[in-house]
Amino acid sequence: MINYNPKDWFVFIFRFTKSDTFLRLLPLLIGVGVYAGLVAYVELNYLAFSQNEHIRNVGLMHSVLGFVLSMLLVFRTNTAYDRWWEGRKIWGSLTNCSRNLALKLQACVPNPEDRLFFRQMISSYAFALKSHLRGNEDYQELDPVLDLSREAHVPNQIAAAIFGRVNHLHQMGSLSAGQLLVLNDEIKVLTEVTGASERIKNTPIPFTYSVFIKKFIFFYVMTLPFGWSFSMGFYVIPVVMLILYAMASLELIAEEIENPFGTDDNDLPIDQICHNIQKHVGELLP
């Protein structure tokens, strides 16, 4: 995720990053500009449509379709942002849960060996969930002493190990029944966070809906020169390119943020969140 100062808005006009939609759309913009120029040239120089009032008013169709398309793009962007923001709230819950669990274990578990176990496991849970959501099953950031099967669901294994250790301490008499119940509530949040994150990752926007918007944008932009060449001449070229840039950029942004757990510039800073959890848990369980 890119950290920036939102007040320096003027700088953003001249700033380009690898995820900037203009750079990604530049080849398409050039191609559409050439296409619009060819259509305008043929209509203005070879076709006697300029006196036909019906043909000249084809552009009125785009006013209606543009409104419909703008509503679809607004809904698409809002839906994608809701997924991004829900993902941020989920990982905020993981941060709070990890801190609360560490706070309660710090008060309930005096044994240094047990504290070391929980410090490693709670911190590793965040890193394991991050790797699980990104699909890179190497788990290199987990503590090397953790004895876990890399073929199974690693976050579930860590959560099971944490609860197993807590239950063992209760059976040994180190934790009371009340303390077990208090700790159980925090451990339960771990699996709830995993399930909520997996729901976002594994449930993309419906395929038909996404394809329809792309087709709608394509046919809308490709028909613009036919209706606007009579009134705008060759100025239709930059106008069509600008409209394509605006509409296609919204779709690209929505595609990028609808899965917020990746490594794109606009995805959630879950690497930083994981390291913060590791730092705070280490401070609470020395």
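## Exercises on helix packing and salt bridges

Lys214 is partly exposed, at a relative accessible area of 36%. The model behind these exercises is predicted.

**Exercise 1.** Find which residue pairs with Lys214 in a salt bridge, and say where the two partners lie.

*Solution.* Start at the Lys214 side chain. It meets the side chain of Glu251 in a salt bridge, 2.8 Å from N to O. Next, place the partners. Lys214 belongs to helix 8 (residues 207–232) and Glu251 to helix 9, so the pair ties together parts 37 residues apart in sequence. Then follow the shared partners. Arg76, Lys214, Glu251, Glu255 and Glu258 are joined into one network by salt bridges.

**Exercise 2.** Trace the salt bridges of Arg76 to Glu251 and Glu258, and decide whether Arg76 is buried or exposed.

*Solution.* Take Glu251. Its side chain meets that of Arg76 at 3.4 Å, N to O. Arg76 sits in helix 4 (residues 59–108) and Glu251 in helix 9 (residues 236–257), so this bridge ties together parts 175 residues apart in sequence. Now take Glu258. Here the closest N and O atoms of the salt bridge with Arg76 are 3.1 Å apart. Glu258 lies in the loop between helix 9 and helix 10 (270–284), so this pair ties together parts 182 residues apart in sequence. Last, check burial. The cut-off for buried is under 20% relative accessible area. Arg76 has 1%, so Arg76 counts as buried. Glu251 has 4% and is buried too. Glu258 is also buried.

**Exercise 3.** Classify how helix 7 is oriented against helix 5 and against helix 6.

*Solution.* Begin with helix 5 (residues 112–134) and helix 7 (residues 177–202). Their angle is about 20°, with axes 11 Å apart. Angles under 35 degrees count as roughly parallel. Helix 5 and helix 7 are therefore roughly parallel. Their crossing is right-handed. The contact includes Tyr125 and Leu129 of helix 5 and Leu190 and Glu198 of helix 7. By class, it has five nonpolar, four polar and three charged residues.

Turn to helix 6 (residues 154–171). It packs on helix 7 at about 180°, with axes 10 Å apart. Helix 6 and helix 7 are therefore roughly antiparallel. Among the residues that meet are Phe163 and Val166 in helix 6 and Leu183 and Ile187 in helix 7. This contact has 10 nonpolar, five polar and no charged residues.

**Exercise 4.** Locate Ala36 and list its contacts beyond four places in sequence.

*Solution.* Ala36 is in helix 2 (residues 21–45). Its relative accessibility is 0%, so Ala36 counts as buried. Beyond those neighbours, Ala36 contacts Pro225, Val236, Ile237 and Val240. Ile237 is 201 residues from Ala36 in sequence, yet their C-alpha atoms are 5.5 Å apart.

Note on methods
Residues are numbered from 1 along each chain as its sequence is written. This is a predicted model: local features need pLDDT of at least 70, side-chain atom pairs count only at pLDDT 80 or more; totals for chains, interfaces and linings use all residues. Side-chain values use heavy atoms; hydrogens and water are left out. Axes are lines fitted to C-alpha atoms, for helices over the stretch in contact, and angles run from 0 to 180 degrees between N-to-C directions. Helices (H or I, at least four residues) and strands (E, at least two) are DSSP runs, numbered from the N terminus. Angles under 35 degrees count as roughly parallel, over 145 as roughly antiparallel, 65 to 115 as roughly perpendicular and the rest as oblique. A crossing is left-handed if the near helix is turned anticlockwise from the far one by less than a right angle, and right-handed if clockwise. Contact means heavy atoms within 4.5 Å. Ala, Val, Leu, Ile, Met, Phe, Trp, Tyr, Cys and Pro count as nonpolar, Asp, Glu, Lys and Arg as charged, and the others, Gly among them, as polar. Buried means under 20% relative accessible area, exposed over 50%, partly exposed in between (1.4 Å probe, protein chains only). A salt bridge is a side-chain nitrogen of Lys or Arg within 4 Å of a carboxyl oxygen of Asp or Glu.
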